[in-house]
Amino acid sequence: VLREWPHSYAGFFADTEAFLMKNAKVKLCLQASPMNGDLLLEDCNPESDFQDWSWQGDSLMNHGTQSCLSMVGANRVQTSLCNSAGYTSWDCSNSLLSPLGSSQGYLVANRKGVALNSVGGLKAQWQDVADRSVCEEKAEQDRYFPAALASTHVYGHTAGNMTLALGIGQEELEELLWFFRREDPSTWNYSVLALSFVALILGLLLLAINIVRNRKRKIHMYREAVQTTQQAELEAKQALMPVQEYSPAELQKQEPVLQDQRSGEVVVQWKDGTVTSLYTE
């Protein structure tokens, strides 16, 4: 069972997709008995964990009993512990299941349940609910898990001596298991959330500083424009001739002179106050 495997193995196979094993001939699904390890053929029920199977390397594990499909005796098949000494590894050949390393035949459906038989045919073909062969499920697993274990046996009853049939050592195996292991992402998610919040605050601070600087620059430019306009107006006023202000008495003195002027006559008032005719007779 998974809890008796090394922890890294359990984490490696925990999320393997489960599927039903429906016989192509009898149209019934393979179900494991929770009592004695027997195998039954029942109506397919996707809600039943005892009909859920998944490939664990070369082994077929039942999710309801957490035990693996194994060969016991000459042609008898049942479920047993996945790390037991029995034949728990299976080979796919032409969409037919046969015990790995044995020539006992293929897994077929019969009246009593399932057994091993050398005769193939529809009785030896096992499919999922989508009518795909269970061998295709294994091929898909091997595609996504290139480092899947070729055997689940523990040689010498020690985890230190565990190696793959393909020749991968324990250190390389641990590296692969570490690579494919799924840890709790809560710490990483919280860290990313905190960094995002800090980046948001920093962005808002920079935006506020930019707005204040733009506003100050516009105010400074406006003041410079006003000052320039005022300076230009002052210079224009200084260029004009100053107009003297006269008291009422002076205006009365000049009135007789102005009254003596004839219509159409052009007069000039000088800076000293003298008024003369532009054109004399």
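The paragraphs below walk through one sheet of this structure, strand by strand.

The model is predicted, so to speak of its details some limits apply: local features need pLDDT of at least 70, side-chain atom pairs count only at pLDDT 80 or more, and totals for chains, interfaces and linings use all residues. Residues are numbered from 1 along each chain as its sequence is written, and side-chain values use heavy atoms, with hydrogens and water left out.

The sheet is open and holds 4 strands in the order E4-E5-E6-E7, with antiparallel pairing; strands here are DSSP runs (E, at least two residues) numbered from the N terminus, and two of them pair if DSSP finds at least two bridges between them. Strand E4 (53-56) and strand E7 (76-80) are the edge strands, each pairing on one side only. From one strand to the next the twist averages 40°, where axes are lines fitted to C-alpha atoms and angles run from 0 to 180 degrees between N-to-C directions.

Beginning at the edge strand E4, the reader finds 4 bridges joining E4 to the antiparallel strand E5 (residues 59-62), and Ser54 stands opposite Met61 in E5. The hairpin of these two strands has 2 residues between them, and Gly57 takes a positive phi near 70° there.

E5 also pairs with strand E6 (residues 67-72), in the antiparallel sense and over 2 bridges, with Met61 opposite Cys68 in E6. Their hairpin has 4 residues between the strands, and Gln66 takes a positive phi near 55° in this hairpin.

In a regular strand the side chains alternate between the two faces of the sheet. In E5 both faces are covered, since Ser59 and Met61 on one side and Leu60 and Asn62 on the other are all buried (under 20% relative accessible area, with a 1.4 Å probe and protein chains only).

How values were computed: Buried means under 20% relative accessible area, exposed over 50%, partly exposed in between (1.4 Å probe, protein chains only).
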